[in-house]
Amino acid sequence: MSPRTSVVWTPDFLSYQLSDDHPLNPVRLDLTMRLATQLGVLDGVETLAPEPATDEDLTRVHTPSYLTAVRSAPHEPWGVGHGLGTDDNPIFLGMHEASALIAGGSVLAARAIAEGRADRAVNLAGGLHHAMADRAAGFCVYNDCSVAIAWLLEQGYERIAYVDVDVHHGDGVQAAFYDDPRVMTISMHQHPLTLWPGTGWPGEYGKGDGAGYAVNVPLPPGTGDAGWLRAFHAVVPSLLESFRPQVLVTECGADTHSDDPLANLELSIDGQRAIYHSLRDLAERTAGGKWLVLGGGGYSLFRVVPRSWTHLLATALDRDVDPARPLPADWVAHAAGLTRHPLPTAMTDGHDPSFTPWGDDVAERVDSAILETRRAVFP
Ligand code: V1P
Ligand code: CA
Ligand code: ZN
C-alpha cells in the first residue's frame, strides 16, 4: 500500500515573524505553499490545521518559568532574560501564541503518525531546533522538534531517531535528549569553528545511558553536494539500520545551499533533493515507513527555500518533481513583485549531485571529518 502523508498547514504560521527585517521571514513558507500548489504537488491533499501546543506539551521540554517569560515578554519594557530581546530573538507581539502554534503543528504531525492516520507527516513551519529548556536561541522560541519527540515518548515510543540536515548544529534537540537512549540525535552541520552555535563536535556523543546516542558530523565550509552526501552515507544509514527507530524525525533546513546568506556550505537544489530522497529511503528501510518531516532554516527566501521545500513536500507525498520542470509563470510573477533578486526558471540548479567536481583539499578535509566522527561513535 502506498504511504499516506499528512501536511500540517495554517496561514497563521505566517505570524511567526520575529521582526520586519529578520532573516527568518515567513514569506518563504507562503512562497513554498504557492509553488507546491501551482505545480500540482498538493492536489487532493487535505491539510491538517493545528491548535497551539498546550502548556502540558511545552513543559515536557521547557520550564514553566520560561513559558511565563515568553508570554509576558511583549509587555515587559525592561526585558525578561531567557535569551529574549536579542538580535537573533527579538520580542514580538503574539510571540507565545505564534510559537506555540508551530509546536502544536509538530505535535499534530506526530499524532497523525502515532494514531495510524498517516505514515508520513510534514510541518514546514517547524524545525526550531535551537530553543533550550529555559532559553530562546537562534531564531527559535519553542523547540517544536523536541516537543514532538517528547510527546511520542509519552505515548510509549521507545526508539526515535532525529536527523538534522540544517546547516546549523541541532543543539537544542541534542541537549533535550543527551542522556536518553530512546532518542538518537544525528546532526550534519557546518564545522563549529566556523559557524554559530560553535557546538556539534564529534566528541559530543551523549552521556550516561545516552552515551553513543548523540552523533555529530561537522563539515568544512565549501562542502558541496558530493562531499555532503558522501559524509551522510558514511555515517547515517548504518546507525539507523542498527538503531531501528519506530519513527524517523528529520529537521530539513535548506540553509546548506550555496546561495544562503548565513552559512558557507555549497549545496545545490539538486543536492538537497537527493538528501530528501535519501531520508525517505531511510524512513522506509529503517523506520517502518514512519517519517515526521520538519522545516528549519533557509534564508535565500526567493531563490532556494520555495524550490527546495517543494521538492521536500513532493518527496514526502511520493510525487517527485522533475528537476527540469519550469517554474510556473504565475509563481514567478508573484515572487518578482516582492524582490529585485533574479529568480530561477526551473526546479533545478543544473547540478548532478552524483557528479560534483571539487578540489582535493576539500575532499581530504571531508574525509578526516568522517573519520573523526567514526572514531567518536565507534571508539
Ligand atoms: O551568530 C549568531 C549569534 C548572534 N551573534 C551575537 C552571534 N547567531 C546566528 C543564529 C543562526 C540561527 C539559525 C537558525 C536555524 O538553524 C534554524 C531555524 O537555521 C546568526 C547568524 C548566522 N550566520 O549563523 N544570526 C544571524 N546570522 C543574523 C543575521 C542577521 C540578522 C540577525 C541575525
Ligand atoms: Ca544540522
Ligand atoms: Zn540553520
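**Figure 1. Helices H1 and H9 meet in a right-handed crossing.** This close-up comes from a predicted model. Helix H1 covers residues 27-38 and helix H9 covers residues 305-316; their axes come within 8 Å and cross at roughly 55°. That angle makes H1 oblique to H9. To follow the contact on the H1 side, look for Arg28, Leu31, Thr32, Leu35 and Ala36. H9 answers with Val305, Pro306, Arg307, Trp309, Thr310 and Leu313. Sorted by class, the residues of this contact are 7 nonpolar, 2 polar and 2 charged.

**Figure 2. Helices H4 and H5 also form a right-handed crossing.** H4 packs against helix H5 (residues 144-154) at an angle of about 35°, and the two axes are 8 Å apart. From H4, the residues to pick out are Ile102, Ala103, Ser106, Val107, Ala109, Ala110 and Ala114. They meet Asp144, Cys145, Val147, Ala148, Trp151 and Leu152 in H5. This contact divides into 11 nonpolar residues, 1 polar and 1 charged.

**Figure 3. Helices H7 and H8 pack with their axes 11 Å apart.** Here helix H7 (residues 225-243) lies against helix H8 (residues 269-286) at an angle of about 10°. The angle is under 35 degrees, and H7 and H8 are therefore roughly parallel to each other. On H7, the contact runs through Asp225, Trp228, Leu229, Phe232, Val236, Pro237, Leu240 and Glu241. The H8 partners are Asp270, Gly271, Ala274, Ser278, Leu282 and Thr286. By class, 8 residues of the contact are nonpolar, 3 are polar and 3 are charged.

**Figure 4. Ligand 1 sits among 18 surrounding residues.** If you would like a few landmarks, start with the closest residues: Gly138, His168, Trp196, Leu262 and Gly297. The shell around ligand 1 holds 7 nonpolar and 7 polar residues, along with 4 charged ones. For the complex, the predictor gives an ipTM of 0.99 and a pTM of 0.96.

**Figure 5. A cis peptide bond links Trp196 to Pro197.** Omega for this bond is near 10°. Trp196 may look familiar from the previous view, as one of the closest residues to ligand 1. Pro197 belongs to the loop between strand S5 (183-190) and strand S6 (214-219).

**Figure 6. His82 has a positive phi although it is not a glycine.** The phi value at His82 is about 55°. You will find His82 in the loop between helix H3 (64-72) and helix H4 (95-114). H4 is the helix that packs against H5 in Figure 2.

**Figure 7. The chain as a whole has a mean pLDDT of 96.** This last view steps back from the details to the confidence of the prediction. In the chain, 98% of the residues reach a pLDDT of 70 or more.

How values were computed
Residues numbered from 1 in each chain as written. Chains lettered and ligands numbered in written order. Predicted model: local features only at pLDDT ≥ 70, side-chain atom pairs only at ≥ 80, totals over all residues. Near = placed C-beta within 6 Å. Nonpolar A, V, L, I, M, F, W, Y, C, P; charged D, E, K, R; others polar. pLDDT = per-residue confidence, 0-100. Axes fitted to C-alpha atoms, helices over the stretch in contact; angles between N-to-C directions. Helix = DSSP H or I, 4+ residues; strand = E, 2+ residues; numbered from the N terminus. Parallel < 35°, antiparallel > 145°, perpendicular 65-115°, else oblique. Left-handed = near helix turned anticlockwise from the far one by under 90°. Contact = placed C-beta atoms within 7 Å.
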